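User: I'd like to go through this one and ask how each label was earned. Can you set the values against the cut-offs for me?

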Amino acid sequence: MAARRQVVSGDFDLTMDELRVVARYVVEDAESVLPVFEQAVPDDPRPRAAIEAARTFADGADRTKLQRVASVDAHRAARSAPSEAARLAARSAGDAAAAAYLHPLAQASQVGHILRAAASAARIGELTAGDDPAVGDALLERSRRRANPVLVDVLRRYPPVTGGGSRVARLMSTLDDALRRTPRRR
């Protein structure tokens, strides 16, 4: 007997396997910037716990309350972080755990759950390099190349994001546009 394919429905369908691809993508960016948070707030384990919860789901476990709680906790850690870079790093960890619960709703706001961690990592890179936008651009390009066809297919189910007031929002919009222009594989 074939395994039943788990699907989350809304304006369109998302499979658990697709959600795992998204979570894995977000985890990679969150892990890359976690040291920024841990250096600033060494006694706060919440962002690391969120990444571990996300990794658990991405590696095949069911999505559970673990991802929801860890995401909220990491976002709380972000609010009390002492610098922009540390806040972005903790928020990225929260986004990684939240990716397990990406909603299949045709709303551009959902794209943040897919791409905000990559945009935040790019912004952290800029800040670390003296606010150098070339560093952010290079990190966005790295994130674009890491995106596999499944991730790009999921992204294209959502409306595109438009710029925004913050640098992270503009970086996310740039990455969104670049990924949508990726040629479809047949």
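**Helix α6 and its salt-bridged surroundings**

Analyst: Let's start with packing: the buried residues of α6 pack against α1, α5 and α8. Helices here are DSSP runs (H or I, at least four residues), numbered from the N terminus. Bear in mind that this is a predicted model, where local features need pLDDT of at least 70 and side-chain atom pairs count only at pLDDT 80 or more, while totals for chains, interfaces and linings use all residues. Residues are numbered from 1 along each chain as its sequence is written, and side-chain values use heavy atoms, with hydrogens and water left out.

User: Which residues of α6 are buried?

Analyst: Gly 136, Leu 140 and Ser 143. Buried means under 20% relative accessible area, exposed over 50%, and partly exposed in between (1.4 Å probe, protein chains only). The three cover an arc of only 60 degrees around the axis, so they sit on the same side of α6; the arc is taken from the directions from the helix axis to the C-beta atoms.

User: How do you know that the span of helix α6 agrees with what is expected?

Analyst: The expected span is 1.5 Å times one less than the number of residues. For the 14 residues of α6 (133-146) that gives 20 Å, and the end C-alpha atoms are 20 Å apart, so the two agree.

User: What makes Arg 116 and Asp 95 a salt bridge?

Analyst: The definition asks for a side-chain nitrogen of Lys or Arg within 4 Å of a carboxyl oxygen of Asp or Glu. This pair comes in at 2.7 Å, N to O, so it qualifies. Arg 116 lies in helix α5 and Asp 95 in helix α4, so the bridge ties together parts that are 21 residues apart in sequence.

User: Why is Asp 95 called buried?

Analyst: Its relative accessibility is 1%, so it counts as buried. Arg 116 has 22%, which makes it partly exposed.

User: And what about Arg 167 and Glu 126: what makes them a salt bridge?

Analyst: Their side chains meet at 2.5 Å, N to O, so the cut-off is met. Arg 167 is in α8 and Glu 126 in α5, so parts 41 residues apart in sequence are tied together. Salt bridges that share partners also join Glu 84, Arg 123, Glu 126, Asp 131 and Arg 167 into one network.

User: Is Arg 76 buried, exposed or partly exposed?

Analyst: At 43% relative accessibility, Arg 76 counts as partly exposed. Arg 76 forms a salt bridge with Asp 73, the closest N and O atoms being 3.6 Å apart.

Technical notes:
Helix = DSSP H or I, 4+ residues; strand = E, 2+ residues; numbered from the N terminus. Contact = heavy atoms within 4.5 Å.
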